[in-house]
Every structure is written in structure tokens, then in C-alpha cells.
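Biologist: I am new to this structure and would like a close look at a single part of it. Please start from one pair of neighbouring strands and work outwards from there.

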Amino acid sequence: MTMSQTRATHDVDLQQTIQQLIQQHCEQPGALLPLLLDVQAQLGFVAPEWVATIADGLNLSRAEVHGVISFYHHIKTTAPARHHVQICRAEACQSMGARQLETLAQQRLGIDFNEISADGEVELEPVYCLGNCACAPSVTVDGVLHGRVSEQKLAGLFDIIAAGSER
Amino acid sequence: MSVAAAATVKLYVPGDASALSVGADAVAAAIVMQAANRDIAIQLVRNGTRGMSWLEPLVEVETAAGRVAYGPVEEADVAELFAAGLLQGGSDHPLYLGSTAAIPFFKAQQRLTFARCGLIDPLSLDDYQHHEGFAGLTRALNMSQQQIVDEVKTSGLRGRGGAAFPTGIKWQTVLDVAGKKSQQKYIVCNADEGDSGTFADRMLMEGDPFTLIEGMIIAGLGVDATQGYIYLRSEYPHAQRILQAAIDKAYAAGYLGSNICGSDKCFELELRMGAGAYICGEETSMLESLEGKRGMVRFKPPLPALEGLFGQPTVVNNVISLATVPVIFSKGADHYKNFGQGKSRGTLTIQLAGNVKHGGLLELAFGVSLCELLEKYAAGTCTGKPVRSVQVGGPLGAYLPASQWHTPLDYEAFAAIGAMLGHGGVVVFDDSVDMAQQAQFAMQFCAIESCGKCTPCRIGAVRGAETLAKIRRNEDREANLILLEDLCDTMTEGSLCALGGLTPNPVRSALHHFPQDFGGDAAQVGGTPHA
């Protein structure tokens, strides 16, 4: 998201995007969740100030829209960091050393789960099963799944992120 | 000019998410490059996985004697493999595995639901048809609705999502809803495979998606439902891409839509994504989510079969249940029924995961024991340490100690020891596991994923995690152990759905079978093992 745009133009663009997505979904039965996922796919998150527009577009109350947004772990209400790292915390990955990966990631980034690193570059998120349990432990980096992740491999993934961010 | 008349060599590198996670794309690219450098024409198929995950990326080459495998292949191995005669199925390389079908892990299986997975190009309709694809649908199109439902009943198929409810009886209930003509019925496929240690749904959707589509069409024909939904978890973006492409192709080829294979029958299918909520794997919560709402569990009754999606009669089945329907129709219900034992008919897709040397997907008739799985198939742990505990059936399944590993994988046999087969996930832990930590995690997970509708689950899980933390700190141990048992009783008896109701399974089994991890001996921890 570019900060150079003036706030006003930015808001108009946003509203247009949201309105277009509402148009695409408003005839669909049970449209709210698919709409929210599309808004997030295009804009990166679902800001609280867009709730009224979405509620209006689908003829729902703001409370209903807020209720759905707050229920699902994957729907974000704040702008994402540039990089997104998920570490699987579920049992199969635990059995292969996922807890060590959690510690490594948290120490490296200096943050806990569901936080963004101080430089604003990396968000760390827990995930409960990526369906890669026979190639555990698993992590994702910017949506790409990695299996059989050793501590060394995870450190390497963080190095790649850091190198990319410096450029 | 290249060598004339040299037949194009056909190679396979899986495009399954698991294979990709360990470098399959880089291997595929290296193969293309090596072939180009040598001016050799190849056809590279991105198949699904054969299920032998420890061998991924598994490269196969088609030879006169069948498919020959190499694995696990890394990008850096490819040049050497070419030099060793990969394209002729050459055996002079350490990664050479011989005939894929003869690899013991694979050879011993009875593949019915997964017969095509890994063999074919997942998005090729031609390939699908050449491997008996749509044979079941063709047969079903010439049957009455009652005959279709009867065929499923005869097969003995039970829901593979975990609850093991007889699929045919569920279909019958939906078929029998006294029909106003205008009444819309639905087929909903539960692809919210959230249990740790399970990936059969994902492998099938990525490796043979048309099977699932065919099964859903047959279900629609059987119960008079014209609209289907697949509810897929958002953690499976790769499966989403493949499924959507498969649905588009099935529409284009006339298998979906208003005139299925020219029969005037109609079935529409839409893929819907979840948004990271484990509870949406519970069927009523999933229906709420499909309606665009919070995934709050519903009271039952009414059963979804009578009042399901948008209040209409709905068949809710797991991916594997629906994907098994085509083989029941192509080979006949009796053929399917002949596999398995007792009331557990057919095959179970077992997912060997966690700390195992040989992990992956196995399709076997019901009845194999855990011991056999651990020794014959898993070949021990990945770390080389002894196995200490095995969790079967996902995060809500019991932790089983060595004394219970003789139990055959069969719904009734597992129920008899207070465990459950669930979706067939088997997660193995070596002797470094702290079972008290696992028990605490089970409660924490329930607290994170609870929908919050009922108090035993919403509050009980939080209190359970706190109480276990106190026990682990040796804080007022005896009183807290009594409290924990009491809490587990409340959750088991008072929760609205399986999340709160079954979370005590891993907690109590850990406590009773591994009391030393909780800082006491068996007598101290006391209580009778739950049955």
C-alpha cells in the first residue's frame, strides 16, 4: 500500500473496490464470508471503517458483519506486514520439533505470535495444521509451504526475508 | 536435427502441496533443463502424490516394464540421475527405487478410493476417463434414486470424516423428505480437514479431484439435490486452485450444470473457502459458515439431513466418503463391502504422520493393527528413538500407550478402548514427548478454537489449561487433579458438540496412561480409565 497517495484519493479508490466486490457477491447465497475474503485478497485486510459499507451492500447489520470478521482467525482488521510467516503448532509438527521452531522464530524477530516485528517487516502467526503432517514440521512464508523444516532451514528462510527487505 | 523417431519419454513429478513443500518444482525445472540440454523430448506430468511422503519429491519415469521411481530427489541430484540413465529407468543410482508399484509400502495397500491418485494427471479428463473415471456416474444415471441410495447402503460405507455414520442412511433421510417440488436440497462436502495428522482429503483433492466431483454428482442424483458446495479450509490454497480448475473443466465438459451428460439432470457445484476456524469442520458450524455467518454450532435436532443449509434438507459428507462413491458404483457395492471387517466395511485411508521414518497415506482394509502400522509401514521413528505415544483421530483423539497398540483399526474396536479412529490420522511421538504438555496443549487448542456457544467448552477449556498448568507446576496437585477430572466430566457430558465433548480424550488418556509425566504415579493420579 503506497503512502504517497493522498488520503482522499485513496479512500475513493477503496470505496470503489469494495463496491465492485459487493456487486459481484450480492446475489450469492451466504455472500458475506466470500465477500470478506475477496476484500482481504484485494486490499490486504478488512478495516473496521469499511464495515458500514459492507453491511449496507449486503443488507446486513454492522453487528452481523463485525461478528463474522471477529470470528475467523484469517480475517485481518489491520494492514499486514510485508512478510507473513506461519508456524504450525499442531501435534504432528510438535512431534518433529515445532516448539523449537516457535522459539527460534520468536527470538529472531523479537516478538510473540500474532505480532509484527519492530521494523514492520514480518508478521508471525501460529497455524494449526497445514495438512503436511508426513513432512513435518511445516511453516509458510508469504503463502509458500515449506516442509521438513529444521532450525537451520528456518534460519535460512529468515535470512532470505531479511535480504529481500534490505533491497 | 534431433534423433529421429526416439519416443518421447514420460516423466512424473508430483504437484501435490506436500511434494512442493520439499522442492518438487525445482526438481521438475531441473529435469526440463537437463532434457533440453541433451535435446531429448520429454513429457513431464505433474501428478498427485503416491502417498509415500518420505520419498518426496518422488520422480517416476515410464518404461516398457512400467513406472520406475527415484526418491527423494533434490534439484542437485537431477544431472547425476540423467547421467545414470534416468530416462531408461536405469538402476545405477542410490535414489533408484525400482518399480513404484512394487515398493512394499505401496504394494501392500488396497487402493479403491485412491486408486487413481498419483497415477494420473489430476486435471486431465482424458486421463480420468481412461482410468474408469465417470464409469460410476454413467451407471448411476441409469438407476432410480432409491436404487442409488440402496447401492450406498449395501456398500456399508460409513462417514469417513470421523463420526462414521452410515452414509446410505443419511442419504435415505434426505431422499425421504416429503418433497414439495420447489424444495431445494443440497449436497455439502466437508473439506475443512483441520485435524492435525490428517491430509487424505487434501491429497485426494489435489491428486484426483474429479473423483470428488463425480461422487457429489451421484449424491445429488440419489437424493434429488441440484446444488452442491465444497467447503474447503483456507489453509489449503493449493487444493483450492486444483479443485476450482477441475470444477471449471467438469462444467465445460458437461458433467456439471443443467444437462449432465445429456441426461436432462442438473447439478451445480461451487467451491467455498473457510477462513481459519477449526470448529467449521463440525457440520452445523460449517453450515452456518456457508450461510455467511459466524461458525457457531447449532443444536441438533433438527438434523442437517432435514434442516441443513439455508434450512433445507442437506447431505453433509466428508471428502473421502464422497470420493469413495464412484468406485462403489463402478465396481459394485458388493465388491466394496468385501473389504474390511465387522461393521467397518471397505477401506480406511490411514495417514501416518509426525515422528515416523516412513510417513504418508495408506489405504488399507479395516482391521490392521497399530503395531503393524508402526513396525511394517512406519518403520519406526524419524529420530530413531523408541515410540512412546500415538495419537489417533486428530487433536480430539486419545493418546495411546504401547499396551494398546495391538488394537485393530476398526471403529468398534477403537470405541471399546475409549479411543476413536476419527479421520484416520495417526501421529507418532518418540520418547522425548512430555505428555503433560500435550494434555495442556489439548485444552489450549480447545480454548482457541471454541465457538463459544456452550459454557463447558468455552470456559472449561480455559480452566482446563490453567488447571493443567498448576498440576505441571506441582501446585496443590491432588486437589487440582480432582478438579481436572470433574472438569473433563462436565465437558464430556455438557458440551454441545465434539470439540468440547472430546477434548477430554487426549487429556485423560495422557493422564491415565502416562501419569509419571504429571509428576505422580498411576495410583496417585488415580481414577478409572475412561471407557
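Modeller: In chain A, strand S2 pairs with strand S3 (residues 122–127) in the antiparallel sense, over two bridges. The model that holds this pair is a predicted one. One residue pairing can be picked out: Glu115(A) has Leu124(A) of S3(A) as its bridge partner.

The pair belongs to an open sheet of five strands with mixed pairing, and the order across the sheet is S2-S3-S1-S4-S5 (chain A). Strand S2 (115–116) is at one edge and strand S5 (144–146) at the other; each has a single partner strand, so one side of each has no neighbour in the sheet. In a regular strand, side chains point to the two faces of the sheet in alternation. A helix lies across part of this sheet: H6 (residues 98–109) of chain A crosses strand S1 (83–88), S3 and strand S4 (139–141). The direction of H6(A) makes an angle of about 150° with S1(A).

The rest of chain A can be set around this sheet. The chain has seven helices and five strands, and their succession along the sequence is α-α-α-α-β-α-α-β-β-β-β-α. The C-alpha trace of chain A spans about 50 × 35 × 20 Å along its principal axes. Chain A has 167 residues, and 37% of them count as buried. Among contacts in chain A with a separation of 6 or more, 57% are between residues 24 or more positions apart.

Chain A also touches chain B. The contact involves 35 residues from chain A and 47 residues from chain B. On the side of chain B that touches chain A, the elements giving two or more residues are helix H1 (17–21), strand S8 (268–273), helix H12 (283–290), strand S12 (347–354) and strand S16 (425–430). That side of chain B is made up of 21 nonpolar, 17 polar and nine charged residues.

Two of these contributors, S12(B) and S16(B), pair with each other in the parallel sense over four bridges. In that pairing Gln351(B) stands opposite Gly425(B) of S16(B). S12(B) has an antiparallel pairing as well, with strand S13 (residues 360–365) of chain B, over six bridges. Here Ile350(B) is opposite Leu362(B) of S13(B). S12(B) and S13(B) form a hairpin, with five residues between the strands. S12(B) is mostly covered, with eight of its eight residues buried.

Elsewhere in chain B, two helices pack against each other. Helix H8 (residues 167–176) and helix H10 (residues 209–223) of chain B have axes 8 Å apart and meet at an angle of about 45°. H8(B) and H10(B) are therefore classed as oblique to each other. H8(B) brings Trp171(B), Val174(B) and Leu175(B) to the contact, and H10(B) brings Ala219(B), Gly222(B) and Val223(B). By type, the residues of this contact are five nonpolar, one polar and no charged.

Some loops of chain B have backbone features that call for a note. Most residues other than glycine have a negative phi, and most peptide bonds are trans. Ala164(B), not a glycine, has a positive phi of about 60°, and lies in the loop between helix H7 (145–155) and H8 of chain B. Ala164(B) counts as buried because 20 C-beta neighbours lie inside 10 Å. Asp264(B) likewise is not a glycine and has a positive phi, of about 70°. Its loop runs between helix H11 (237–252) and S8 of chain B. Asp264(B) counts as exposed, because it has 8 C-beta neighbours inside 10 Å.

The peptide bond from Pro301(B) to Pro302(B) is cis, with omega near 5°, and Pro302(B) is in the loop between H12 and strand S9 (314–318) of chain B. The bond from Gly71(B) to Pro72(B) is also cis, with omega near -10°. Pro72(B) is placed in the loop between strand S4 (66–70) and H3 of chain B.

Beyond helix H3 (78–83) comes the loop that leads to strand S5 (96–99) of chain B, and Gly85(B) is found in it. Gly85(B) touches Gly90(B) and Asp92(B), leaving aside residues up to four places away in sequence. Gly85(B) counts as partly exposed, because it has 14 C-beta neighbours inside 10 Å.

Terms used. Residues are numbered from 1 along each chain as its sequence is written. Chains are lettered from A and ligands numbered from 1 in the order in which they are written. This is a predicted model: local features need pLDDT of at least 70, side-chain atom pairs count only at pLDDT 80 or more; totals for chains, interfaces and linings use all residues. A residue is buried if 20 or more other C-beta atoms lie within 10 Å of its own, exposed if 12 or fewer, and partly exposed in between; C-beta atoms are placed from the backbone. Two residues are in contact if their C-beta atoms, placed from the backbone, lie within 7 Å. Ala, Val, Leu, Ile, Met, Phe, Trp, Tyr, Cys and Pro count as nonpolar, Asp, Glu, Lys and Arg as charged, and the others, Gly among them, as polar. Two strands pair if DSSP finds at least two bridges between them. Axes are lines fitted to C-alpha atoms, for helices over the stretch in contact, and angles run from 0 to 180 degrees between N-to-C directions. Angles under 35 degrees count as roughly parallel, over 145 as roughly antiparallel, 65 to 115 as roughly perpendicular and the rest as oblique.
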